[in-house]
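Me: Please take a close look at one part of this model and describe its surroundings in a connected account. I should like the cut-offs to be stated as the terms arise.

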Amino acid sequence: MARLFLATFAMLATSEAFQSINNAKLSTFRPPVVVLREAAENNSEANDFITQNYPGLVTLLLKNDAAWKAINESSGTGFTIFAPTSEAFDALGEKKLEQIQDPRNLETAEKMASFHVINEPVSADALFNSGGVNTLGGLIEIERSISGGIFGIGGKEDGGVTLNGAKVIRSKEVANGVVHEVDNLVSPSILWRFMDQLRIPGSQ
């Protein structure tokens, strides 16, 4: 079972700890639910839903058997997916997209994929009221999203959340799971540093 970590009132000491988040009762986060395609009624159709609407994510998920299995074999427990939009993948640029596809980077791509799946359903309200969530890849920090201001100063909470800086755009229940569409990858950006570290002898 994935564990949701409630927001704390103080900054934890380590660099990997969650930032202080006020856990006072705030207005409930209810992102717009948009019907992208007909809702699925079973995991097979949930698979189709993801494939049809998030092809870039599917390319990443196919690098990780455990992540794909969590979606397709979750009839009893459900699932949660953080699904970057096609625009988010396009924004990565040609080099990073090629790195994801490169067989030499399979281990890193596999790790990236794991951060986009939870093996139980986590609603938008649950995300809003937590300080972090435990994915197949590990912990992801959750913060309240801010709009307005200049360089992060003077902005105000807009009722949304971000995961590792990726903002949840909309959420939708699909079959026995939840798909949260996000505007960027939610995996830690530091993983990109490990791309191309292992090279096949003689490769260019």
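**From a helix to a buried strand residue**

Reply: Ala124 is found in helix α7, which spans residues 124-128; helices (H or I, at least four residues) and strands (E, at least two) are DSSP runs, numbered from the N terminus. The model is a predicted one, in which local features need pLDDT of at least 70 and side-chain atom pairs count only at pLDDT 80 or more, while totals for chains, interfaces and linings use all residues. Residues are numbered from 1 along each chain as its sequence is written, and side-chain values use heavy atoms, with hydrogens and water left out.

Ala124 counts as buried because its relative accessibility is 13%; buried means under 20% relative accessible area, exposed over 50%, and partly exposed in between (1.4 Å probe, protein chains only). Its C-alpha lies 9.2 Å from that of Gly160, although the two are 36 residues apart in sequence. At the other end of α7's range, the ring of Phe128 has the charged end of Arg144 over it, 4.0 Å from the ring centre. A charge sits over a ring if NZ of Lys or CZ of Arg is within 6 Å of the ring centre and within 35 degrees of the ring normal. Lys96 and Trp192 provide another such arrangement, with the charged end of Lys96 at 4.8 Å from the centre of the ring. Aromatic pairs, by contrast, number zero in the structure; rings of Phe, Tyr and Trp (its six-membered ring) would pair if their centres lay within 6.5 Å, with planes under 30 degrees apart counted as stacked, over 60 as edge-to-face and the rest as tilted.

The part that deserves the close look is Thr80. This residue belongs to strand β2 (residues 79-84), and it counts as buried because its relative accessibility is 0%. The side chain of Thr80 reaches the backbone oxygen of Glu120 at 2.6 Å. A polar atom of that side chain also lies 2.6 Å from the backbone nitrogen of Val122. Both are polar contacts, that is, pairs of N or O atoms within 3.5 Å; within protein, one must be able to donate a hydrogen and the other to accept it, and residues adjacent in sequence count only if both atoms are side-chain atoms. Beyond its neighbours within four places in sequence, Thr80 is in contact with His116, Val117, Ile118, Glu120, Pro121, Val122, Val178 and His180, where contact means heavy atoms within 4.5 Å.

One of these partners, His180, leads on to strand β7 (residues 166-174), where Ser171 is placed. The side chains of Ser171 and His180 are joined by a polar contact of 2.6 Å. Ser171 is buried, because its relative accessible area is 8%. Glu173 lies in β7 too, yet it is exposed, because its relative accessible area is 64%. The C-alpha atoms of Glu173 and Thr80 are separated by 9.2 Å, with their positions 93 residues apart along the chain.

The loops on either side of β7 each hold a residue with an unusual backbone angle. Most residues other than glycine have a negative phi. Asn164, in the loop between β6 (156-163) and β7, has a positive phi of about 55° although it is not a glycine. Ala175, in the loop between β7 and β8 (177-182), likewise has a positive phi of about 55°. Asn164 is partly exposed because its relative accessible area is 36%, and Ala175 is partly exposed because its value is 31%.

Leu163, within the range of β6, is among the residues that touch the most other members of the largest nonpolar core, together with Leu57, Leu61 and Ile71; this core has 43 residues. A nonpolar core is a set of buried Ala, Val, Leu, Ile, Met, Phe, Trp, Tyr and Cys residues joined through side-chain atoms within 4.5 Å. Setting aside neighbours within four places in sequence, Leu163 is in contact with Phe82, Val133, Ile140, Glu141, Ile142, Val168 and Val186.

A second helical region completes the setting. In α6 (residues 106-114), Thr108, Ala109, Met112, Ala113 and Ser114 are buried, and their cover includes α2, α3 (65-72), α5 (94-101) and β3 (117-118).

For the chain as a whole, there are seven helices and eight strands, and 44% of the 204 residues count as buried. Among contacts between residues at least 6 apart in sequence, 64% join residues at least 24 apart.
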